[in-house]
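Got the model open in your viewer? Here's a walk through it, stop by stop, with something to select at each one.

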Amino acid sequence: MAAGGSALRRSRELEEDAEALFSLSELKREEARRYLRASASEAELGGVLAPLAELGWHVLEDRQWPGSRRANVDFLLVGPGGVVVLDAKDWAELSLRDGALHRGEAREDEEVAKLRALCDTLGEHLAPTGVTRAAVRAAMVFTRHAVSAEVDGVAALGPRDVAGWLARLPLRVEDSRVAEVLAAVEEASPPMPAAPPASARVGASTRRGAAAAEVPVAQEPLEGLEDLTEALVERALDGPLEDWMTFLHPAQNRLVQVGWTGPGRVRGPAGTGKTVVALHRAVHLAERHDEPVLFVSFVKTLPQVFEGLAERLRPGIGENIEFTGVHALAYRVLQDLGGQPAPDPRRAFAAFRRAWRACPQQEVLHGIDPRPTYWQEEIDHIIKPRRLADLDAYRELRRHGRVTPLRGAGREAAWELYLAYEAELAQAGVQDFNDLLLQAGDAVERFPEAFGYAAVVVDEVQDLNLAGLRLLAALAEGTPGSLLLVGDGRQSVYPGGFSLAEAGVSVAGRGAVLSTNYRNTRQVLACAQSVLGDHDVEDLGEAPASHEVEVLRTGPAPLVVQGAGRDDVDAALISLLRTSHERDPRGWDRYAVLTERSADAERITRLLREHDVPSLQLTSYRGVPSDKVKVGTIKRAKGLEFPYVLLPYLSLTPPARGDGEPEESHTERVDRWRREMYVGMTRARDGLWLGYVEG
């Protein structure tokens, strides 16, 4: 061997070893960078999950895979929707083809199978708690991608879809059992052991910058409840209208689960989610009690719609919730006790007309307000529901909701008209709707044991009269969930009113005012508020809730058209519907046409039929998707909402003052008209079309 041969060979061996070590070092560094990126992805997802405590979820991070000391689970969630495994993925490439996930060209069936196997294992561990395998779900969360799909029983989601997906899981774990299930999950999947510091590991590099690896950071990290709100709203907006109508913000969940031991009240301006809270509260109570929950509204359309929406929330829950209107409820109460109620509004109206014509003091009443309808409203909403004993009681009464002063001779004349009306009813053997409510209230007070409800939930309470509220308060007496009143005085479209004190109902310490508008865009709400103005109305004996609300969404300005007559407005309306549907044919059900009068709703229905536009009357709407334009009156639409609302046949000015009509009476009528316009406009979620008739 030539001199130096051994040294040369050794030099080459060391170079080869160095090259191998360098390659290994690069591989290890790349592996470290991958883990660092994964850590960043998990941290980002952790920021999304942190606010989910508002939805009742417990979040466990970095847990051991059951039966393994090395494999980890990024997140385990335990809450009302069951147990959820979340696996954060930092894939640069992602596609869904042939029903499978692909990372680049590689099909990742094994990743999905591993998560399914983990759910199976957790299901076995949780069996002693009564939690079934169906209550254990898994989702892969791709922090670089926007995706929402399901692959072989495992959800594939983007970060912004996680909250909405969790919120829509069916109820799997009762509140009282969450702690037990959480303990079982923690036992089956304990925390991963803490890693030793880098300086304590053998071979840890001490070179400057060796641990500094650049990790891509999401440009818009989701942090806090505000981002959770945005994610939930976006998710709800993308789904069917009926899903949006059940959207409940996490901050409102407290009101759904609140443990009030007496009557409570939720109020707030339009669009703040009062009705959704009421619906979720009814479902929440129905799941926890054997007795049925009573859900009542004055608006006839709402019970049938809410029954459909409740079915979407919890299939089968409708069997334990009775959705009804207040008059239908009173009718059934009397029937159940063997009565034969027979209210006849037409014959009752005829009885009033006879009483009006024969009234000896008609001249006095005519001098205060010449419209017979004003005095019929005085009887129907002020005098009769209170069952006043005599004229002295009427003289002392504060007429909640009425603006026109009524003193001495005026009250005496109105009382005489009331007595004459009652005499006409008795002579004709006719009942009106107030008789129905009053008799039902008497029946419940005499036989309370005949009506067993877990709770009574009342929506649009401001539209009831005192007799209706007293009936519902009697039914709620002694119920475990008690009485929940939901409504807003600014949306009252009927005359007269009452205070809670008159009904013997106290909500002291059990009330909430909602102040975030989730429904309307700023543009829609500004338009509605400009019509309402600063005209406030007493809200069941209290000052109305503040006008000030936080509005989350923006959109286009309301579209305004003016026509010389109704035919011009009709043509503009049809043109808008046709053009919009051709541009975006996702469905006719995005549109609702609302009118002030029933006759106008019928005109619109005929118009749409003539132009082959499918339509559905609100009287037939059941809270299930239907690819038809919805048509009805503003009063029928109360409590509902639609992506786009069209209001035809509007007047450029408020209703004119009638001949001989006192200023105060006219003011009262105009204020009610303003509130009705406000209700109609605030039914619009995304856009508003206003069709004015000139002249």
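Select helix H16 and helix H17 and show their side chains: Asn-434, Leu-437, Leu-438, Ala-440, Gly-441, Val-444 and Glu-445 of H16 meet Ala-467, Gly-468, Leu-471, Ala-474 and Leu-475 of H17. Colour that contact by class and you get eight nonpolar, three polar and one charged residues. Keep in mind throughout that this is a predicted model.

Now look at the geometry of the pair. H16 covers residues 433–446 and H17 covers residues 466–476; their axes are 9 Å apart and the packing angle is about 20°. H16 and H17 therefore count as roughly parallel to each other. As for handedness, H16 passes H17 in a left-handed crossing.

Keep H16 on screen and add helix H10, residues 326–336. How far apart are the axes of H10 and H16, and at what angle do they pack? The axes are 9 Å apart and the angle is about 50°, which makes H10 oblique to H16. The crossing of H10 and H16 is left-handed.

For the side chains here, pick Val-326, His-327, Ala-330, Tyr-331, Val-333 and Leu-334 on H10, then Phe-433, Leu-436, Leu-437, Gln-439, Ala-440, Ala-443 and Val-444 on H16. By class, that contact of H10 with H16 has 11 nonpolar, two polar and no charged residues. Leu-437 is worth a click: on H16, Leu-437 takes part in the contact with H10 and also in the one with H17.

Next, bring up the sheet beside H10. Select the six strands in the order E12-E11-E13-E14-E10-E15: they form an open sheet with parallel pairing. E12 and strand E15 (511–513) stand at the edges with a single partner strand each, so one side of each has no neighbour in the sheet. On average, neighbouring strands here are turned by 15° against each other, ignoring direction.

Inside that sheet, zoom in on strand E10 (residues 264–267) and strand E14 (residues 483–487), which run parallel and are joined by four bridges. Which residue of E14 is the bridge partner of Arg-267? Gly-487 is the partner of Arg-267. Then turn back to H10, which packs on the sheet by touching strand E11 (293–297) and E12, its direction making about 110° with that of E12.

There's also a salt bridge at this spot. Show the side chains of Arg-332 and Glu-322, which meet at 3.0 Å, N to O. Arg-332 belongs to H10 and Glu-322 to strand E12 (residues 321–325), so to speak a link between distant parts of the chain, 10 residues apart.For a second one, jump to Glu-150 and Arg-137, whose closest N and O atoms are 3.4 Å apart. Glu-150 sits in strand E8 (residues 148–151) and Arg-137 in strand E7 (residues 136–142), and these two residues are 13 residues apart in the chain. If you want to go hunting for others, the structure holds 42 salt bridges.

Now move along to another sheet. Select the strands in the order E18-E23-E22-E19-E21-E20: this is an open sheet of six strands, again with parallel pairing. Its edge strands are E18 (559–563) and E20 (615–617), each of which pairs on one side only. The twist from one strand to the next averages 20°.

Start at the E18 edge. Five bridges join E18 to strand E23 (residues 684–693), and the two run parallel. Click Val-561 and look across to E23, where Gly-691 is the bridge partner.

Then add helix H20, residues 598–610. Which strands does H20 lie across? They are strand E19 (591–595), E20, strand E21 (629–633) and strand E22 (642–651), and H20 runs at about 160° to E21.

For the last stop, put helix H19 (residues 566–583) next to H20: the axes come within 11 Å and cross at roughly 55°. H19 and H20 are therefore oblique to each other, and H19 passes H20 in a right-handed crossing. Show Arg-566, Asp-567, Asp-570, Leu-573, Ile-574 and Leu-577 on H19, with Asp-600, Arg-603, Ile-604, Leu-607 and Leu-608 on H20, to see the contact. Coloured by class, the contact of H19 with H20 has six nonpolar, no polar and five charged residues.

Notes. Residues numbered from 1 in each chain as written. Predicted model: local features only at pLDDT ≥ 70, side-chain atom pairs only at ≥ 80, totals over all residues. Heavy atoms only, no water. Pairing = 2+ DSSP bridges. Axes fitted to C-alpha atoms, helices over the stretch in contact; angles between N-to-C directions. Contact = heavy atoms within 4.5 Å. Parallel < 35°, antiparallel > 145°, perpendicular 65-115°, else oblique. Left-handed = near helix turned anticlockwise from the far one by under 90°. Nonpolar A, V, L, I, M, F, W, Y, C, P; charged D, E, K, R; others polar. Salt bridge = Lys/Arg side-chain N within 4 Å of Asp/Glu carboxyl O.
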